[in-house]
Amino acid sequence: MMIDTNSFNPRSKRTNAENERPRMAPRSLEQIYSLPAKALLTPAETALVTRLTESALSVRRSKGQWPPFVKFGRLVRYGLGDLLTPPKQG
């Protein structure tokens, strides 16, 4: 029995729209600041609060610098209370 390998290719090229997951828009600053201090923020929302880019946050995570973060599998989240307190010097 011969299998036709041309009809199915699992490595076929897909468009970026098919590969990407839908992303939620970040909350506005007004909505963020009305959250409790224990709220967890996405990197996009943290970038709004800290005025850093998401790339800068990624570099800071890899170096162990402020702001502190938590990971849930592949998800990265930042505590709002940690962002509103000044970083410790030293």
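## A walk through a small predicted fold

The accessible surface of the protein chain comes to about 7900 Å², and 54% of that surface belongs to carbon and sulfur atoms. Keep in mind as you read that this is a predicted model. Of the 90 residues in the protein chain, 19% are buried.

**The overall layout**

Let us start with the secondary structure. The protein chain has five helices and three strands. If you trace the chain from the N terminus, its elements follow the order α-α-β-α-α-β-β-α. You can also ask how contacts bring parts of the chain together. Among contacts between residues at least 6 apart in sequence, 38% join residues at least 24 apart.

**The sheet**

The three strands form an open sheet in the order β1-β3-β2, with antiparallel pairing. Its edge strands are β1 (40-41) and β2 (70-72), each of which pairs on one side only. In general, strands of a sheet pair through backbone hydrogen bonds, and the pairing may be parallel or antiparallel. Here β2 and β3 run antiparallel and are joined by three bridges. To see this pairing in the structure, look for valine 70, which stands opposite arginine 77 in β3.

**A helix wrapped by its neighbours**

Now turn to α3. How many of the eight residues of α3 are buried? Six of them are, so α3 is largely enclosed by the rest of the structure. The buried residues are Pro43, Glu45, Thr46, Ala47, Val49 and Thr50. Their cover includes α2 (29-33), β1, α4, β3 and α5 (80-84).

Threonine 46 is a good residue to click on in helix α3. Threonine 46 has a relative accessible area of 0%, which is under 20%, so this residue counts as buried. Setting aside residues up to four places away in sequence, threonine 46 touches Leu41, Arg51, Leu57, Tyr78 and Leu83.

One of those partners, arginine 51, comes just after α3. Arginine 51 sits in the loop between α3 and α4. What is unexpected about the backbone there? Arginine 51 has a positive phi of about 65° although it is not a glycine. Is arginine 51 buried or exposed? Its relative accessible area of 79% is over 50%, so arginine 51 is exposed.

**Two aromatic residues and a cis bond**

Tyrosine 33 belongs to helix α2. Not counting residues up to four places away in sequence, tyrosine 33 touches Val49 and Leu84. Tyrosine 33 and leucine 84 are 51 residues apart along the chain, yet 9.5 Å separates their C-alpha atoms.

Tryptophan 66 lies in the loop between α4 and β2, and proline 67 is found in that loop too. The peptide bond from tryptophan 66 to proline 67 is cis, with omega near 5°. Leaving aside neighbours within four places in sequence, tryptophan 66 is in contact with Thr50, Arg60, Asp82, Leu83, Thr85 and Pro87. The C-alpha atoms of tryptophan 66 and lysine 88 are 8.6 Å apart, while the two residues are 22 residues apart along the chain.

Here are the accessibility values for the four residues discussed above.

| Residue | Relative accessible area | Class |
|---|---|---|
| Threonine 46 | 0% | buried |
| Tryptophan 66 | 25% | partly exposed |
| Tyrosine 33 | 46% | partly exposed |
| Arginine 51 | 79% | exposed |

**The largest pocket**

Finally, look for the open space in the model. About 680 Å³ of space lies in the largest pocket. Which residues lie nearest the centre of the largest pocket? They are Arg23, Thr42, Pro43, Leu75 and Arg77, out of 17 residues that line the pocket. You have met two of these already: Pro43 is one of the buried residues of α3, and arginine 77 stands opposite valine 70.

Three elements each supply at least two residues of the lining: α3 (43-50), α4 (54-63) and β3 (75-79). What kinds of residue make up the lining of the largest pocket? By class, the lining has eight nonpolar residues, eight charged residues and one polar residue.

How values were computed:
Residues are numbered from 1 along each chain as its sequence is written. This is a predicted model: local features need pLDDT of at least 70, side-chain atom pairs count only at pLDDT 80 or more; totals for chains, interfaces and linings use all residues. Side-chain values use heavy atoms; hydrogens and water are left out. On a 1 Å grid over the protein atoms alone, a cavity is a set of points where a 1.4 Å probe fits but cannot get out, and a pocket is an open set with protein on both sides within 12 Å along at least five of seven lines; lining residues have an atom within 4 Å of a point. Grid points are joined across faces, edges and corners, and a volume is the space filled by probe spheres set on the points. Helices (H or I, at least four residues) and strands (E, at least two) are DSSP runs, numbered from the N terminus. Ala, Val, Leu, Ile, Met, Phe, Trp, Tyr, Cys and Pro count as nonpolar, Asp, Glu, Lys and Arg as charged, and the others, Gly among them, as polar. Buried means under 20% relative accessible area, exposed over 50%, partly exposed in between (1.4 Å probe, protein chains only). Contact means heavy atoms within 4.5 Å. Accessible areas come from the Shrake-Rupley method with a 1.4 Å probe; for residues, only the protein chains shown count as cover. Two strands pair if DSSP finds at least two bridges between them.
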